[in-house]
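Dear colleague,

I am handing over the structure that we spoke about, and it is placed just below so that you can keep it open while you read. My notes on what was found in it follow.

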Amino acid sequence: MKQALNGKRVAILATNGFEESELSVPRAALQKEGVEVHVVSVDGDAIRAWAETDWGDTYKADRSLANANESDYHALVLPGGLFNPDELRLNDNALSFVKAFFQAGKPVAAICHAPWILINAELVKGRKMTSVASVAQDLRNAGANWVDESVVVDSGLVTSRTPKDLDAFNAKLLEELQEGRHSGQHA
């Protein structure tokens, strides 16, 4: 697969309080396959992870949200955690950035609490999705068909429940990245 993914670029949109493994593990899986990965933070500053029960490492951002454009990337990854998506779902620039990937039919991968961002961006209605259990009712209320599965793919949208599902999440993310644009993904 490495040959097929050389030259691909993926953005990981996050802010303070992202679940550490949900950024670090997909980033490593993508980089292993030759994908260039940029961590995009709201202001371009370094961001601090939440590592299950306490603050984790600090991660350098490669770009600020203002200097990131969907056209520079082939896919988007949205890590979860509790604080990260709760802040990003209230940021109009973050919502516009996410919507641009859907409008372009590019793969988007969201894990754990990250579907909150997709709910606020009004991108979940009619989609089959999964998430951490505490977000299931929010997704149902927004019109998604929530299922309790390790990974779900719906027209280029990859969702998973928790860090325990990262192997399946990463495999589908890489598969969708290799497939490229999806015509049925419009916002």
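To begin with one pair of residues, Trp50 stands opposite Trp55 in β5. Please keep in mind throughout that this is a predicted model. The strand β4, residues 47–51, is joined to β5 by four bridges, and the two run antiparallel. Both strands belong to an open sheet of three strands, in the order β2-β4-β5, whose pairing is mixed. At its edges lie β2 (18–19) and β5 (54–59), each of which pairs on one side only. As general background, strands of a sheet pair through backbone hydrogen bonds, and they do so either parallel or antiparallel.

Another strand to look at is β1, which is largely enclosed by the rest of the structure, because four of its five residues are buried. With strand β3 (residues 36–41) β1 is joined by five bridges in a parallel run, and here Ile12 stands opposite Val39 in β3. β1 also pairs with β7, again in the parallel sense, over three bridges, and in that pairing Val10 stands opposite Ala75 in β7.

From the strands I turn to helix α4, which covers residues 92–103. The twelve residues of this helix reach 16 Å from the first C-alpha to the last, close to the 16 Å expected at 1.5 Å a residue. At the start of α4, a side-chain oxygen of Asn91 comes to within 2.9 Å of the backbone nitrogen of Asn93. The buried residues of the helix are Ala94, Leu95, Phe97, Val98, Ala100, Phe101 and Phe102, and among the elements they pack against are β1 (9–13), β7 (75–78), β8 (108–111) and α5 (115–120).

What follows the helix? After α4 comes Gly105, with a positive phi near 75°. Lys106 is found in the loop between α4 and β8, and it counts as buried because its relative accessibility is 5%, where the cut-off for buried is under 20%. A polar atom of the side chain of Lys106 lies 2.7 Å from the backbone oxygen of Tyr73.

The helix also has a part in the largest nonpolar core, which has 58 residues, and those with the most contacts inside this core include Leu13, Leu78, Phe97 and Val98. The largest share of this core, six residues, comes from α4. Leaving aside residues up to four places away in sequence, Leu78 touches a set of residues that includes Leu13, Val98, Val108, Ile111 and Leu118.

Two loop residues deserve a separate look for their backbone angles. Most residues other than glycine have a negative phi. Glu122, however, has a positive phi, near 60°, and lies in the loop between α5 and β9 (128–129). Is Glu122 buried or exposed? Glu122 is exposed, because its relative accessible area is 68%. Ser155 also has a positive phi, near 50°, and its place is in the loop between β11 (151–154) and β12. At 32% relative accessibility, Ser155 counts as partly exposed.

With best wishes

Key
Residues numbered from 1 in each chain as written. Predicted model: local features only at pLDDT ≥ 70, side-chain atom pairs only at ≥ 80, totals over all residues. Heavy atoms only, no water. Expected span 1.5 Å × (residues − 1). Buried < 20%, exposed > 50% of the residue type's maximum accessible area, 1.4 Å probe, protein only. Contact = heavy atoms within 4.5 Å. Polar contact = N/O pair within 3.5 Å; in protein donor to acceptor, adjacent residues only side chain to side chain. Core = buried A, V, L, I, M, F, W, Y, C linked by side-chain atoms within 4.5 Å. Pairing = 2+ DSSP bridges.
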